[in-house]
Amino acid sequence: MGGVPNEASSREGLFSFLSRRRFLKVSLVAGGAVLGVGGGGLLALRGRAPNVDGLRVLDAHEYRTLQSLVEVMLPKTDAIPIDAASMDLPREFDDFLADEPEQNVRDLQKALVLIEFGPLVFDKKLTTFSRLDVAERTAHWNEWALSENLLRRQVSIATRKFFNLVYFDQEEVWPYIGYPGPSMKRAQGVMP
Amino acid sequence: MAVHWLPRAVHETRAGGHAVTGGITDLSKQPPPEAITTEICIIGSGCGGATAAHLLAEAGHEVVVLEEGRDLVGSERTQRDGPMYDQLFMDRGGRASHDLSVSVLQGRVLGGGGVVNTCDVVPIPEGVLHHWATKYGLEDFAPVRFKRFTDDALGDLSASRIPESMVNPANNKLRQGAEGLGLRGEVMMHNRVGCRGLGTCMIGCPVHAKRNPRMVALPKAVEAGARIFTRARAVKIGKASQEFKEITVRTLDPRGYHEQSELRVRAKIVIVAANAIASAQLLLRSGVGNSHVGRNLTLQPQLPIIGIFNERIAAFDGIPQSYAVTEFEEEDNAEFGLWGYRIEGIMGTPGIVSSLLPFSGAAGMEGMAQYDRMAASLLLAPDAPSGQVEVARDGRLTIRYDQRADHQERLRHAAEMAARVYLEAGAREVLLPTTPPLVIRSAREAKRAQELSFAPATAPMVSAHQQGTVRFAASERDGGADLNGQVYGTREVYVFDSSGYPTSAASHTMTPIIASSRMLTTKLLTRI
């Protein structure tokens with residue numbers, strides 16, 4: 001039996017289903033599309049991401065992928081006219097990751113690569129997730145949840161779990177869902 | 001109700017070791033001693049561990065309790081999803097089965113699962129006790145012998161029936177529908193005293209109305225001299241066959257994210273009570289026990305279903321779980337003991353509810369806009385012991401769990417019945433939050449629940465009652481621990497939690513674990 005594990009492996013993360021082996025498998029399945037473009041081509045396809053100050057774990061490209069994702073996952077609607085993009089949820093995710101074991105961070109970064117190159121890998125389109133317009137991106141992202149591919153469904157669930165939980169825990173959202181806030185604060189007259 | 005503040009331990013340094021008086025020491029806030037020597041070390045402070053600590057300390061034994069979580073009390077329990085799932089649950093609330101089909105909720109706080117449950121008091125049914133005694137040879141669980149331990153557990157919990165006046169509108173919708181269809185149900189038993197109906201039982205009660213291990217057994221244990229160390233993660237049990245075991249403990253930072261330093265606890269007796277997942281994980285990491293360790297896991301996965309009404313229900317206020325439809329529950333199934341299914345009212349705070357909904361984008365926003373008109377239930381179907389806890393060479397945990405066809409079949413039936421119940425109670429529509437979502441608007445459409453595929457990661461199942469993994473058995477051939485709870489192949493390393501159960505004990509595990517820990521501790525006290 002093995003000895004004492006190091007910290008990096010002692011906790012399970014939201015994206016632990018993305019083992020290296022499975023990621024490689026998906027990459028190989030999609031290999032035709034990826035190889036057709038080539039490594040340099042992939043970088044060109046992704047383009048430059050705007051610089052973002054103060055990130056602890058994510059790089060600018062990863063941040064942009066998450067911001068693009070949040071925009072279609074939690075859009076401003078008539079029912080809830082709160083702009084998730086203004087909440088800077090990717091930064092919350094960055095803060096979350098900063099305290100996760102390295103292995104979990106690596107798993108998440110794999111998921112972000114898959115999402116960003118999803119249009120190429122799964123739809124054979126010569127573009128990336130962040131470059132799709134909102135309507136195309138929304139349609140593409142909806143396919144993840146309904147996909148026959150288990151890995152895509154898993155990435156969809158894991159991201160939804162995190163961002164929904166954080167978004168609907170924001171006080172400004174509550175009036176639109178009929179939630180008056182934590183009952184203790186209400187009892188103390190702190191909340192509306 | 002006043003919080004039972006646990007006294008901080010007063011430290012004294014002694015040659016060759018470190019001694020403290022009874023009390024609590026948060027190892028994230030002070031340098032740990034290099035080593036602690038004690039007679040009994042208990043790993044885990046939940047229902048099993050706290051009960052054992054209480055009884056052993058009161059009997060005059062020297063007890064140390066190790067808990068990975070911290071003592072989060074009073075106003076620190078903010079009723080907010082983000083910080084509470086982060087601080088009160090394993091893996092910051094993100095733990096799941098290997099393919100993400102089942103979210104695994106496991107407490108990580110002083111007091112364990114009793115701090116984050118919905119207070120349901122359900123003893124092990126007589127049919128299950130009889131099943132265990134006859135089929136598995138667990139004679140101490142025979143109904144007549146086990147009764148006194150259940151009675152004592154009910155006393156620990158100040159168990160009572162939830163008053164009618166505290167059944168909230170959402171649970172009353174469930175009852176109204178069930179009664180309309182002529183289905184048997186009941187207002188549930190609970191362990192609340194002085195409940196103010198604050199509604200956030202699952203993420204900690206800010207007024208400490210739960211008579212849980214944190215409020216009952218642990219204060220008594222401390223009063224009797226037990227030493228509790230929080231932010232103390234046990235990572236290995238060494239020398240398991242020797243007189244003195246050596247437990248490697250890593251201290252954590254104040255928020256429990258990172259390991260800081262290491263210490264050793266030397267103990268003659270080690271009681272592992274860290275939950276069926278973590279207890280097996282620790283034994284496997286340590287190379288302790290036989291090939292049964294980690295096997296026979298039951299997750300008892302539950303599937304949410306939501307009735308959406310035209311009027312405001314405000315299910316987030318009041319006791320979230322107070323009524324259960326029990327018509328289809330079997331307590332004496334010949335093969336599995338507990339079987340069938342229950343439909344139990346439930347509600348959560350916005351973050352957790354939204355995380356279970358299958359929608360994204362505008363549809364998701366529209367779905368959550370109906371939050372205050374929702375009345376939800378969990379479909380609870382006991383499962384056969386078929387899962388497994390695995391620990392990879394690098395230490396990574398995998399909870400391998402493939403849902404069996406019989407479990408899917410019962411959940412489909414449960415979903416159909418629950419849909420009928422909510423429609424009978426006047427729901428505009430009933431949502432099964434699967435991917436794709438299934439919306440049922442008439443009793444005729446309820447049969448569509450039979451279409452649920454349960455393909456991996458399409459139904460948001462939740463597990464709150466993990467059991468099995470170190471099955472009690474009279475012979476090493478049949479289980480991981482003997483009838484005293486001693487792990488086979490060790491000298492006085494025990495499991496005193498739900499790890500030992502051969503099949504699902506009950507629809508809720510707090511009372512069973514306290515009762516069985518009482519029984520096992522009482523037996524241990526006759527030998528030491």
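## Helix α4 of chain A

In this predicted model, helix α4(A) is mostly covered, with 12 of its 14 residues buried. The buried positions are His61(A), Glu62(A), Tyr63(A), Arg64(A), Thr65(A), Leu66(A), Ser68(A), Leu69(A), Val70(A), Glu71(A), Val72(A) and Met73(A). Charged side chains thus appear in this buried list, Glu62(A), Arg64(A) and Glu71(A) among them.

The length of the helix can be checked against its residue count. α4(A) runs over residues 60-73, and at 1.5 Å a residue its 14 residues should span 20 Å. The C-alpha atoms at its two ends are 20 Å apart, so expectation and model agree.

## Helix α12 of chain B

Helix α12(B) is likewise described as mostly covered: 13 of its 16 residues are buried. The helix comprises residues 510-525 of chain B, and at 1.5 Å a residue a span of 22 Å is expected. Because its end C-alpha atoms are 22 Å apart, the model agrees with that expectation.

## Contact between the chains

The contact between the two chains takes 49 residues from chain B and 45 residues from chain A. On the side of chain B that touches chain A, at least two residues each are supplied by α2, β11 (232-238), α9 (350-356) and α10 (361-368) of chain B. By residue class, this side of chain B divides into 17 nonpolar, 17 polar and 15 charged residues.

## Domains of chain B

Chain B is divided into two domains, each assembled from three segments of the sequence. Domain 1 takes in 41-156, 201-298 and 478-528, while domain 2 takes in 162-190, 302-382 and 404-453. The C-alpha centres of these two domains of chain B lie 30 Å apart.

Domain 1 of chain B gives 20 residues to the contact between them, and domain 2 of chain B gives 17 residues. On the side of domain 1 that touches domain 2, the elements that give two or more residues are α2 (81-88) and α4 (126-135) of chain B. Of these, α4(B) gives the most, with 4 residues. The residues on this side of domain 1 of chain B comprise 10 nonpolar, 8 polar and 2 charged.

## Strand β19 of chain B and its partners

Strand β19(B) covers residues 342-346, and 5 of its 5 residues are buried. Arg342(B), Glu344(B) and Ile346(B) point one way from the strand, whereas Ile343(B) and Gly345(B) point the other way. This matches the general pattern in which the side chains of a regular strand alternate between the two faces of the sheet.

Two strands pair with β19(B). Strand β16(B), residues 323-325, pairs with β19(B) in the antiparallel sense over 2 bridges, and Val325(B) stands opposite Ile343(B). Strand β20(B), residues 374-380, also pairs with β19(B) in the antiparallel sense, here over 5 bridges. Within β20(B), Leu380(B) is the bridge partner of Arg342(B).

## Backbone features in loops of chain B

A cis peptide bond joins Thr435(B) and Pro436(B), with omega of about -5 degrees. Pro436(B) lies in the loop between β23 (429-432) and β24 (438-440) of chain B.

Two residues that are not glycines have a positive phi. For Cys119(B), phi is about 70 degrees, and the residue lies in the loop between α3 (113-116) and α4 of chain B. Cys119(B) counts as buried because it has 27 C-beta neighbours inside 10 Å, against a threshold of 20 or more. For Asn275(B), phi is about 95 degrees, and its place is in the loop between β13 and α8 (276-286) of chain B. Asn275(B) has 29 C-beta neighbours inside 10 Å and therefore also counts as buried.

## The surroundings of Asp253(B)

Asp253(B) is found in the loop between β12 (245-252) and β13 (259-272) of chain B. With 14 C-beta neighbours inside 10 Å, Asp253(B) counts as partly exposed.

Leaving aside residues up to four places away in sequence, Asp253(B) touches Ser28(B), His258(B) and Gln260(B). Asp26(B) is 227 residues away from Asp253(B) along the chain, yet the C-alpha atoms of the two are separated by 9.8 Å.

Note on methods. Residues numbered from 1 in each chain as written. Chains lettered and ligands numbered in written order. Predicted model: local features only at pLDDT ≥ 70, side-chain atom pairs only at ≥ 80, totals over all residues. Expected span 1.5 Å × (residues − 1). Domains from an automatic or database assignment. Contact = placed C-beta atoms within 7 Å. Pairing = 2+ DSSP bridges.
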